[in-house]
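Let's take a walk through this model and see how its pieces fit together. Have the viewer open and follow along.

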Amino acid sequence: MDRNILFIFLIAITAYGCSSFNRSNTSVLTGQLDSVKNGALLVCVSKLNLMGTDYLDTIKLDEKGKFRYTLRDSNYRNLMIMNLPSSGKKKYEEQKEYFQVIMLPGETVYVSGTLKNPHLSGKGFYNDKARAKEYLKSIDAELAHGKATLGKDEFGRFFSQWRVKHDAASLEFIKANPDCDYSYYMAVSLLEPYKSEAMGALSAKVKAGPVKTFDEGLAAIFKANEERQKALEEARKKVSPGGNAPDFILMDINGNPLALSSLKGKYVVLDFWGSWCTWCIKGIPDMKQYYGKYKGKLEILGIACGDTHQKWKKAVEDNRIPWLNVLNGEKDGNDVSKKYAISGYPTKFIIDPKGVIEKVFEGENPEFYKYLDQILSNK
């Protein structure tokens, strides 16, 4: 379809423009949900989508599952709604059935259905979201078809072309609806050059509105990620094979300080792991076998990352880990995982008796054990 004809068509189907409402410092979530356990919901309130929780709240439902929740806030807020855990049951981070709601000041959002399959509607943001979804319906259908019918490599090529088509159509919707908060929300996720053109098409009122909080928050996260990636790359240069392993001191399982340099004279495996890491735990039996196989020639030093002292100690005891173990000092300003540029778990460094890094293995890799056999079997 010709670009101009497409734009005229878009104007026609959006003739009523963006949904209007009076801004206030409150927003409302109301409706009826089926199959809610304990007759109550847990609300996790945050500034960004799935980016941590600023505070928790609860919603009490009546016997028919109806409720009304008022949020007193003048900014964009993201709510995660889930069952309220019973005492002694799973924590809220472990809940599997939940849904997300974006709340803007002055709006009322209506919800029905279940936690797993909710239906959200409203006169503002969610009404405009529904219009955008309808406009992009055929393009989204192409994506669904591609996922269902194409192989991995073929889908990758298809997706690149699809994304250009999707962003071009999204831009046209935004141009036709410059006063919509949802248009701003759409624009943030577009790729260049569509994003810059979309941002330029938005009205000054919308750009100064509540979605600005979301946009600025995402920009701050992207900037922090870029800085973190740069720091990671710089650290990785210092822990490449052939370089000296940076020394450190961390507390062992008995509360005593343990320095890496105290282990010189033997081959050492630094094992960056965590009690929360499934593949780390799965690899323990093989690690035990090789620890026993080369006892006297090899020392393993496990560095538990992202753990509390209690969870770390319990994991060591439950899995009967026989080698040395220390707890990373993320909370004490002594984060060894940053020093060693760790980006995934488990990660294992093989260090020779002189303290020089020989090899680095990421993930639970069979090549790690082959390399141990190669360097230790004849010693």
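How many aromatic pairs does a search of the whole structure find? The count comes to 21. Keep in mind as you look around that this is a predicted model.

Start with one of those pairs, Phe125 and Tyr182. Their rings meet edge-to-face, with 5.1 Å from centre to centre and 80° between the planes. Phe125 belongs to helix H2 (residues 125-135) and Tyr182 to helix H5 (residues 181-188), so this contact ties together parts that are 57 residues apart in sequence. Both partners are tucked away: Phe125 is buried at a relative accessible area of 2%, and Tyr182 counts as buried at 11%. Now colour in Tyr76, Tyr126, Tyr185 and Phe214 as well, and you have one aromatic cluster that also takes in Phe125 and Tyr182.

For another pair, go to Phe361 and Tyr371. This one is tilted, at 6.2 Å centre to centre and with 50° between the planes. Here the pair ties together parts that are 10 residues apart in sequence, because Phe361 lies in strand S15 while Tyr371 lies in helix H13 (residues 366-376). Phe361 is buried, with a relative accessible area of 8%, and Tyr371 is buried too, with 14%.

Strand S15 takes us to a sheet. Which order do its strands have? Reading across, you get S13-S12-S11-S14-S15, an open sheet of 5 strands with mixed pairing. Its edges are strand S13 (324-327) and strand S15 (357-362), each of which pairs on one side only. From one strand to its neighbour, the turn averages 20°, direction ignored.

Look further in and pick out strand S11 (residues 267-273) beside strand S12 (residues 298-304). These two run parallel and are joined by 7 bridges. In one part of that pairing, Phe272 has Ile303 in S12 as its bridge partner. Helices pack on this sheet as well. Helix H10 (residues 284-293) touches S11, S12 and strand S14 (347-351), and its direction makes about 150° with that of S12. Helix H11 (residues 309-318) touches S11, S12 and S13, with its direction at about 165° to that of S13.

Next, the cysteines. How many disulfides does a search of the whole structure find? It turns up 1, and the link is between Cys277 and Cys280, with 2.3 Å from S to S. Such a link is a covalent bond between the sulfur atoms of two cysteines. The one joining Cys277 and Cys280 is right-handed, with 75° about the S-S bond. Cys277 is buried, with a relative accessible area of 6%, and Cys280 is buried with 6%. What about Cys305: which cysteine sulfur is nearest to it? That would be the sulfur of Cys280, 8.9 Å away, and Cys305 is in no disulfide. Cys305 is buried, with a relative accessible area of 0%. Elsewhere, Cys44 counts as buried at 4% relative accessibility.

Cys305 also leads to a serine. Ser337 sits in helix H12 (residues 336-339). Is Ser337 buried or exposed? At 8% relative accessibility it counts as buried, since the cut-off for that label is under 20%. Leaving out residues up to four places away in sequence, Ser337 touches Phe272, Cys305, Asn328, Ile342 and Tyr345. You have already met Phe272 in the bridge with Ile303.

Two lysines are worth a click while you are on the topic of rings. Lys282 lies over the face of Trp279, at 4.5 Å from the ring centre. Lys348 does likewise over the face of Phe368, at 5.4 Å from the ring centre.

Finally, turn to another sheet. Its 4 strands make an open sheet ordered S4-S1-S7-S8, with mixed pairing. Strand S4 (66-72) and strand S8 (118-122) are its edges, each pairing on one side only. The twist averages 20° from one strand to the next. Zoom in on strand S7 (residues 108-113) and S8: they pair in the antiparallel sense over 5 bridges. There you can find Tyr110 standing opposite Ser121 in S8.

Notes: Residues are numbered from 1 along each chain as its sequence is written. This is a predicted model: local features need pLDDT of at least 70, side-chain atom pairs count only at pLDDT 80 or more; totals for chains, interfaces and linings use all residues. Side-chain values use heavy atoms; hydrogens and water are left out. Two strands pair if DSSP finds at least two bridges between them. Axes are lines fitted to C-alpha atoms, for helices over the stretch in contact, and angles run from 0 to 180 degrees between N-to-C directions. Contact means heavy atoms within 4.5 Å. A disulfide is a pair of cysteine sulfur atoms within 2.5 Å. Buried means under 20% relative accessible area, exposed over 50%, partly exposed in between (1.4 Å probe, protein chains only). Rings of Phe, Tyr and Trp (its six-membered ring) pair if their centres lie within 6.5 Å; planes under 30 degrees apart count as stacked, over 60 as edge-to-face and the rest as tilted. A charge sits over a ring if NZ of Lys or CZ of Arg is within 6 Å of the ring centre and within 35 degrees of the ring normal.
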